[in-house]
Amino acid sequence: MPPPATQPNVRVVTLNIDGRDLSAREDETIIEVCRENQIPIPSLCYLEGLSIWGACRLCLVELAGQGRLLAACSTRVTEGMQIQTNTEKLQRYRRTIVELLFAERNHVCSVCVSNGHCELQYLAQTCGVDHVRVPYRQASYRVDSSHEMFRLDHDRCILCTRCVRVCDEIEGAHTWDVMGRGTECRVITDMAQPWGESDTCTSCGKCVQVCPTGALVRQGTSVGEMVKDQHFLPILARRRHAQ
Amino acid sequence: MSTPPKITVATTWLDGCSGCHMSFLDMDERLIELVQQVDIVYSPLVDTKTLPDHVDVGILEGSISSEDDLEKAYAFRKHCKILVSLGDCAVNGNVPAMRNHFKLADVVDHAYRDTVTVQPQTPTRGVPALLSLVKPIHGVVGVDVFVPGCPPSADAIWYVLSELIAGRMPDPSSVTRFGA
Amino acid sequence: MNLDDLADLAEQYRAIDANVEREVRVCMAASCQSSGAAPVMDALLAGLGDSKPACKVKGVGCMGLCSAGPLVSIADRDASLEESTLYRDVTADDAADIIASLDGPPVERLRCPTDQPFFARQQKIVLENAGIIDPDSFKGYVAVGGYSALIRALSEMTPADVLREVTDSGLRGRGGGGYPTGLKWSTVAKMPATQKYVICNADEGDPGAFMDRAILESDPHRVLEGMAIAAYAIGANKAYVYVRAEYPLAVERLQTAIRKAKRSGFLGNKIGDTQFSLEVEIRLGAGAFVCGEETALMASIEGLRGQPRPRPPYPAESGLWGYPTLINNVETFANITPILREGGDWFASIGTERSNGTKVFALAGTITNTGLIEVPMGTSLRDIIEVIGGGIPGGKAFKAVQTGGPSGGCIPAQHLDIAVDYDSLKTLGTMMGSGGMIVMDETSSMVDVARYFMEFCMTESCGKCIPCRAGTQQMHSILDRLAKSQATRAELALLEELCEVVQATSLCGLGQTAPNPVLSTMRYFRNEYEAKLGDA
Amino acid sequence: MSLQQAKPPLPSDDKRWKLVNATMRRNGYADHALIETLHSVQDAFGFLDEGSLRFVAAALDLPLSKVFGVATFYHLFTLKPKGRHACVVCTGTACYIKGAGGLVERLQERYDINPGETTEDNRLSLLTARCVGACGLAPAIVIDGDVLGKLDSESLIAKLEELT
């Protein structure tokens with residue numbers, strides 16, 4: 001569930017991010033404070049309005065005095081934190097993680113409907129991934145075009161579970177989930193049957209809009225045509241929690 | 001007026017669509033400026049058909065899909081000081097590598113038999129043997145500069161070459177990306 | 001109920017077998033059962049019949065030397081294992097000879113000396129009842145003083161007293177990390193909450209580790225008593241034991257123990273007529289190593305995919321269903337009863353400065369005495385392997401010992417003299433883990449070993465975070481190519497870099513420690529990696 | 001309109017469903033009883049088929065995809081029926097050091113199946129397990145629930161051949 005509503009007696013803390021002194025409410029996470037202050041932090045699974053998943057590991061930051069890296073999405077700020085968001089080490093780790101993602105599902109940007117509008121592609125560029133050192137995994141997946149409005153291409157999926165969460169937390173249908181484990185994981189609708197045969201899908205399309213890549217797209221889109229629109233999410237999330 | 005010594009450039013295309021070379025030509029009038037600074041010593045775009053022993057910059061388009069691609073990549077690596085992977089096929093396998101999901105024999109059958117109505121037959125003579133796995137260039141030889149894009153824009157290629165001519169290592173991620 | 005009442009009860013239970021002078025103890029733990037202990041037991045029971053009323057055949061828990069099973073010990077009542085006559089590799093055909101020997105000289109051909117270092121060098125705290133009492137007998141446990149620590153805590157101590165005793169003992173978590181138990185308990189105790197939980201982590205997943213299994217199979221009530229004391233100290237009234245489904249015998253004995261303890265008022269409502277209540281439920285794992293990780297384990301109890309979640313918040317703050325939760329492993333809980341009985345200071349006097357008490361280790365691999373041992377912290381590896389373990393069989397040379405399971409590393413011969421505790425193992429690039437020790441001789445290839453553990457981590461990765469899910473797969477594929485002498489030097493460098501990234505960025509302990517077997521074997525056996533390079 | 005989900009009828013009058021139902025009832029049909037319930041289905045029927053997963057989902061009022069996700073996460077659950085006999089080779093570390101890998105390879109060769117698969121005549125399923133905790137008996141084999149230790153591949157195959 002997204003974080004609960006602000007308590008009236010919530011305190012304010014000061015912290016330092018990348019040399020900038022900032023103040024924040026103590027119930028905020030590092031990534032929220034960074035976004036408020038235009039400090040770029042890469043992330044794929046995090047999306048404002050959805051629950052915290054903490055799986056893409058791209059938002060890891062360094063905290064002074066702490067050996068372990070912290071995920072900015074799941075760590076709340078505390079008084080006096082000294083945070084570095086973009087050290088050489090973090091850049092290197094992020095590059096490797098993006099490479100692992102590309103190699104895992106054989107992403108081919110040039111023929112992807114999300115080409116030019118894809119968060120993974122954008123991250124590769126901003127993280128300086130100009131090639132992938134590890135070999136592509138070459139697993140074979142089928143495209144599911146059974147739904148009359150949408151299409152699922154596992155080869156573009158990065159298992160961020162945004163679709164699973166938006167379907168469960170905002171739409172309330174819980175059509176999506178993840179099956180299997182490890183490299184065998186994949187997103188499924190209902191009992192892993194074709195999407196078009198799902199009894200629970202309301203065809204609301206929220207999953208498509210929050211998908212960061214070309215894994216979930218509208219039918220009929222061609223290369224580069226799939227533009228996602230996520231403006232509905234913070235609004236719906238707020239209203240859900242106001243209930 | 002003394003002109004600085006020209007750098008030598010060799011290019012070739014492996015398994016790809018030659019679109020990256022077309023993009024190269026898209027530099028238009030800048031090509032004139034370019035030929036004053038570089039000598040293209042080997043390329044499908046020029047007549048020379050022997051790779052010289054010592055080349056400053058080698059540019060490879062396309063992925064490694066056949067025995068012939070493999071030989072060319074080895075030759076380029078051996079004779080070129082700096083090797084550039086140009087375009088997504090060279091950088092990550094791109095479309096040619098999409099056949100990697102399938103068995104090679106199935107791919108060949110599909111292309112030359114299943115979908116052919118008149119005299120289906122698999123070519124064997126005069127064509128290099130296909131490798132079972134398509135690889136990017138750096139999957140078989142070391143690469144110094146990666147220029148992703150499908151194809152990389154003429155601007156991106158111009159930037160990369162300008163930097164190399166100036167003796168600097170370019171960082172193409174500022175001008176191009178996968179699928180660009 | 002107070003301590004006097006319990007002592008009366010214990011006396012009553014002891015009186016049941018008042019006429020028994022000699023016990024024929026048959027190990028009925030899993031390993032001996034696998035080697036055929038049940039037919040031996042049947043033959044002994046049938047053979048003895050009513051012929052010798054002063055002798056009793058009794059099924060007991062693990063005696064430790066699993067490689068010599070089925071084990072049978074003939075002992076005077078209350079005698080320890082070392083004081084008994086121990087028989088090894090017993091078959092049903094030997095029953096008659098054993099029964100005949102009860103009034104005469106022992107059966108020499110079956111003897112397994114108990115003065116050998118394997119037995120003599122051990123110090124048993126956690127396993128004090130193992131191999132002596134009948135694990136299915138509630139009365140047997142009470143008769144040897146069982147549940148007195150719980151009753152004492154409830155009748156004479158405040159929760160704060162209990163916390164102090166556990167803190168003073170310096171006990172550290174036996175599941176692997178070595179987090180101070182007293183601190184963990186105090187943290188949960190301090191949390192203001194209407195509901196708290198205690199969880200016993202019995203999801204012993206490290207391949208080559210069977211300590212927890214043996215404890216549960218040999219002395220289940222001790223674990224329940226430890227959990228009840230913990231629940232009292234932190235203010236919980238609900239507890240779960242999360243056990244691997246692969247341990248059916250342990251589950252069965254635990255179920256029996258819970259049922260009997262509840263019937264006798266030592267679990268359930270108003271324990272010992274106090275206001276303290278505790279419900280204990282068993283939850284079965286379903287074959288997922290990652291569920292040994294605290295947050296994944298809790299997800300599994302909640303009926304979800306066993307995927308870890310980011311920490312903080314720690315379970316002590318927000319655990320099972322969001323409530324403060326104390327998770328300790330089996331051996332940790334098994335240490336609580338003696339700590340309360342003998343005092344925290346007594347416990348602190350055993351072991352090394354920063355690692356107190358004893359540790360149970362499972363010895364396996366190419367070692368003469370395969371089985372379970374308990375030694376004080378600080379015992380040298382050489383003592384454990386060469387003296388207690390009896391060294392390497394077949395005249396082969398020792399090469400390395402692997403500790404800490406897939407999260408640990410390999411220790412080479414030059415470090416055998418290290419005194420084993422949490423901190424010393426860390427300096428060698430490995431860890432205590434739950435206590436599995438796999439001994440390898442000169443014929444083992446360390447690249448193969450690294451590949452084996454990486455394959456384990458790859459198939460056990462839950463798939464949630466990308467560094468672990470895809471990183472272990474890529475590392476495994478490089479190790480596989482290395483093992484086949486196909487990998488290049490560049491791939492070896494990439495392997496090292498992947499190790500660093502996966503270690504630093506993975507979400508949970510499984511991923512963070514997955515590179516350890518590779519890093520430690522590279523550290524001590526780099527030459528084996530170099531020799532395997534395809535472009536060498 | 002009632003939002004209360006009606007409890008679904010048992011899928012058939014097979015008595016084993018009563019056992020499954022008892023597990024759910026004991027847990028108050030709570031959603032967290034899912035794994036316990038799947039255990040009881042598998043204990044009763046040997047595997048989890050689509051019908052049983054749909055029934056469990058309906059009875060515990062859980063989304064289908066969640067049930068399927070859980071059933072496929074845990075390796076102990078199987079969605080395919082097993083053969084009449086099951087041979088589990090322990091591939092824990094101790095058994096690995098003592099040659100479990102070789103045993104698996106030999107069985108694969110002999111019966112032409114991979115771990116997790118069943119022979120065509122449905123006689124034998126070959127499985128592997130991560131440490132059955134019988135390290136003293138390494139390499140350990142579990143045939144139809146009985147643990148056997150210290151077998152070489154030929155004596156193991158001889159044992160398997162005895163099975164009907």
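**Group meeting: a walk through chains B, C and D**

In chain B, residues 24 or more positions apart account for 80% of the contacts with a separation of 6 or more. I begin there, and I should say straight away that what we have in front of us is a predicted model, for which the predictor gives the complex an ipTM of 0.93 and a pTM of 0.93.

Let me stay with chain B for a moment. Its secondary structure comes to 6 helices and 7 strands, and if you read along the sequence you meet them in the pattern β-α-α-β-β-β-α-β-α-α-β-β-α. Taken along the principal axes, the C-alpha atoms of chain B fill a box of roughly 65 × 35 × 30 Å. A compact globule with 180 residues would have a radius of gyration near 16 Å, and chain B has 17 Å, so the two agree. As for burial, 41% of the 180 residues in chain B are buried.

Now to chain C, which has 22 helices and 13 strands. The radius of gyration of chain C is 24 Å, close to the 24 Å that the globule rule gives for 536 residues, and therefore chain C is as compact as a globular protein of that length. The C-alpha trace of chain C spans about 75 × 60 × 40 Å along its principal axes, and 60% of the 536 residues count as buried. If we take the contacts in chain C between residues at least 6 apart in sequence, 74% of them join residues at least 24 apart.

How is chain C divided into domains? The assignment gives domain 1 (18-120), domain 2 (146-348), domain 3 (358-441) and domain 4 (446-531). I would like to look at the last pair in that list, domain 3 and domain 4 of chain C, whose C-alpha centres lie 22 Å apart. Their contact takes 11 residues from domain 3 of chain C and 15 residues from domain 4 of chain C. On the domain 3 side, strand 11 (398-403) and strand 12 (409-412) of chain C each supply at least two residues, and strand 12 of chain C gives the most, with 3 residues. That side of domain 3 divides into 5 nonpolar, 6 polar and no charged residues.

Let us turn to the interior. In soluble globular proteins, nonpolar side chains tend to be buried together. In this model the largest nonpolar core has 340 residues, and the members that touch the most others are C:Val26, C:Ile199, C:Met227, C:Ile229 and C:Ala230. Which residues does C:Ile229 touch, not counting those up to four places away in sequence? They are C:Ala149, C:Leu150, C:Ala153, C:Val162, C:Ile336 and C:Leu340.

Helix 13 of chain C, residues 294-301, is a good element to find on your screen, and it is mostly covered, with 8 of its 8 residues buried. Those buried residues include C:Glu294 and C:Thr295 as well as C:Leu297, C:Met298 and C:Ile301. What do the buried residues of helix 13 of chain C pack against? They pack against strand 5 (197-202), strand 6 (238-243), strand 7 (279-284) and strand 8 (325-329) of chain C, together with helix 2 of chain D. Helix 13 of chain C is followed by C:Gly303, whose phi is positive, near 85 degrees.

That helix of chain D brings us to the interface. Among the 4 pairs of chains that touch, the most contacts are between chains C and D. Here 31 residues of chain D are in contact with 38 residues of chain C. Helix 2 (34-45), helix 4 (64-73) and helix 5 (93-97) of chain D each supply at least two residues of the side that touches chain C, and that side divides into 19 nonpolar, 9 polar and 3 charged residues. By contrast, chain B and chain C do not touch, their nearest C-alpha atoms being 10 Å apart, and no contact joins chain B and chain D, whose closest C-alpha atoms lie 21 Å apart.

Chain D itself is divided into domain 1 (16-73) and domain 2 (85-162), and 29 Å separate the centres of these two domains, taken over C-alpha atoms.

I end with confidence. Chain D averages a pLDDT of 89, and 98% of the residues score at least 70. Within chain D, confidence is lowest in helix 5, at a mean of 81, and highest in helix 4, at 97. Where pLDDT is low, the predicted coordinates should not be read in detail.

Note on methods:
Residues are numbered from 1 along each chain as its sequence is written. Chains are lettered from A and ligands numbered from 1 in the order in which they are written. Two residues are in contact if their C-beta atoms, placed from the backbone, lie within 7 Å. Helices (H or I, at least four residues) and strands (E, at least two) are DSSP runs, numbered from the N terminus. Ala, Val, Leu, Ile, Met, Phe, Trp, Tyr, Cys and Pro count as nonpolar, Asp, Glu, Lys and Arg as charged, and the others, Gly among them, as polar. Domain bounds come from an automatic or database domain assignment. A nonpolar core is a set of buried Ala, Val, Leu, Ile, Met, Phe, Trp, Tyr and Cys residues joined through C-beta atoms within 7 Å. A residue is buried if 20 or more other C-beta atoms lie within 10 Å of its own, exposed if 12 or fewer, and partly exposed in between; C-beta atoms are placed from the backbone. pLDDT is the predictor's confidence in each residue, from 0 to 100. The radius of gyration is taken over C-alpha atoms; the globule rule is 2.2 Å times the number of residues to the power 0.38.
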